[in-house]
Amino acid sequence: MELRIFETDELQLLGELVDSHIEIAHSARIPLEGSALSQELVGELLENNSRKLLTLYKIRGKIGLLKEEEILCKDMYVC
């Protein structure tokens, strides 16, 4: 019996979406440094951005593990 949460194309799309959001989050950091905003506000924004990036990297890692598992299942014909 095969139990799969995501299909290959779904994992690929999820990975692309996460990568896109990681790029956006990194880009959002650049204008904050040296901006006219108060240091306190910049600090809060950077902290929130860092938490978001950490979560996105964790998700990317889990997607990678699911892809590896899928490859192993296909190679071994066992799932």
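Ile-5 is exposed, because its relative accessibility is 69%. In this predicted model, Ile-5 sits in the segment before helix H1, which covers residues 8–32. Ile-5 belongs to a nonpolar surface patch. The other members are Phe-6 and Leu-66. Together the three residues offer about 280 Å² of accessible area.

The protein contains 2 helices and 0 strands. Of its 79 residues, 18% are buried. The accessible surface amounts to about 6,300 Å². Carbon and sulfur atoms account for 62% of that surface. Contacts were also considered by their separation in sequence. Among those between residues at least 6 apart, 73% join residues at least 24 apart.

Helix H1 has 25 residues, and at 1.5 Å a residue it should span 36 Å. Its end C-alpha atoms lie 37 Å apart, so the expected and modelled spans agree. The buried residues of H1 are Leu-11, Gly-15, Val-18, Ile-22, Ala-25 and Leu-32. Just after H1, Gly-34 adopts a positive phi of about 85 degrees.

The largest nonpolar core consists of 7 residues. They are Leu-11, Val-18, Ile-22, Ala-25, Leu-53, Leu-56 and Ile-63. Both H1 and helix H2, which covers residues 39–76, supply at least two residues each to this core. H1 gives the most, with 4 residues.

Ile-22 is a member of this core and is located in helix H1. Ile-22 counts as buried because its relative accessibility is 4%, and the cut-off for burial is under 20%. Beyond its neighbours within four places in sequence, Ile-22 contacts Leu-53, Leu-56, Tyr-57 and Arg-60. Two of these partners, Leu-53 and Leu-56, are core members as well. The C-alpha atoms of Ile-22 and Leu-53 are 6.3 Å apart in space. In sequence, Ile-22 and Leu-53 are separated by 31 residues.

Thr-55 provides a second reference point for Ile-22. This residue, Thr-55, lies in helix H2. Thr-55 is 33 residues from Ile-22 in sequence. The C-alpha to C-alpha distance between Thr-55 and Ile-22 is 9.7 Å. Thr-55 is partly exposed, because its relative accessibility is 43% and the partly exposed class runs between the buried limit of 20% and the exposed limit of 50%.

Asn-49 is also found in helix H2. Asn-49 is buried, since its relative accessible area is 10%. Setting aside residues up to four places away in sequence, Asn-49 touches Ala-25, Ala-28 and Arg-29. One of these, Ala-25, is a buried residue of H1 and part of the largest nonpolar core.

The structure holds 2 salt bridges. In one, the side chains of Asp-19 and Arg-60 meet with an N to O distance of 2.9 Å. This pair links distant parts of the chain, with Asp-19 in helix H1 and Arg-60 in helix H2. The two residues are 41 apart in sequence. Asp-19 is partly exposed, because its relative accessibility is 31%. Arg-60 is likewise partly exposed, because its relative accessible area is 37%. Arg-60 also appears among the contacts of Ile-22.

The other salt bridge joins Glu-47 and Arg-51. The closest N and O atoms of Glu-47 and Arg-51 are 2.9 Å apart. Both residues belong to helix H2, and because they are 4 residues apart, about one helical turn separates them. Glu-47 counts as partly exposed because its relative accessibility is 47%. Arg-51 is partly exposed because its relative accessibility is 46%.

How values were computed:
Residues numbered from 1 in each chain as written. Predicted model: local features only at pLDDT ≥ 70, side-chain atom pairs only at ≥ 80, totals over all residues. Heavy atoms only, no water. Patch = residues over 30% accessible without salt bridge, like charges linked within 9 Å, V, L, I, M, F, W, Y side chains within 5 Å. Areas by Shrake-Rupley, 256 points an atom, 1.4 Å probe, with all protein chains shown as cover. Salt bridge = Lys/Arg side-chain N within 4 Å of Asp/Glu carboxyl O. Buried < 20%, exposed > 50% of the residue type's maximum accessible area, 1.4 Å probe, protein only. Contact = heavy atoms within 4.5 Å. Core = buried A, V, L, I, M, F, W, Y, C linked by side-chain atoms within 4.5 Å. Expected span 1.5 Å × (residues − 1).
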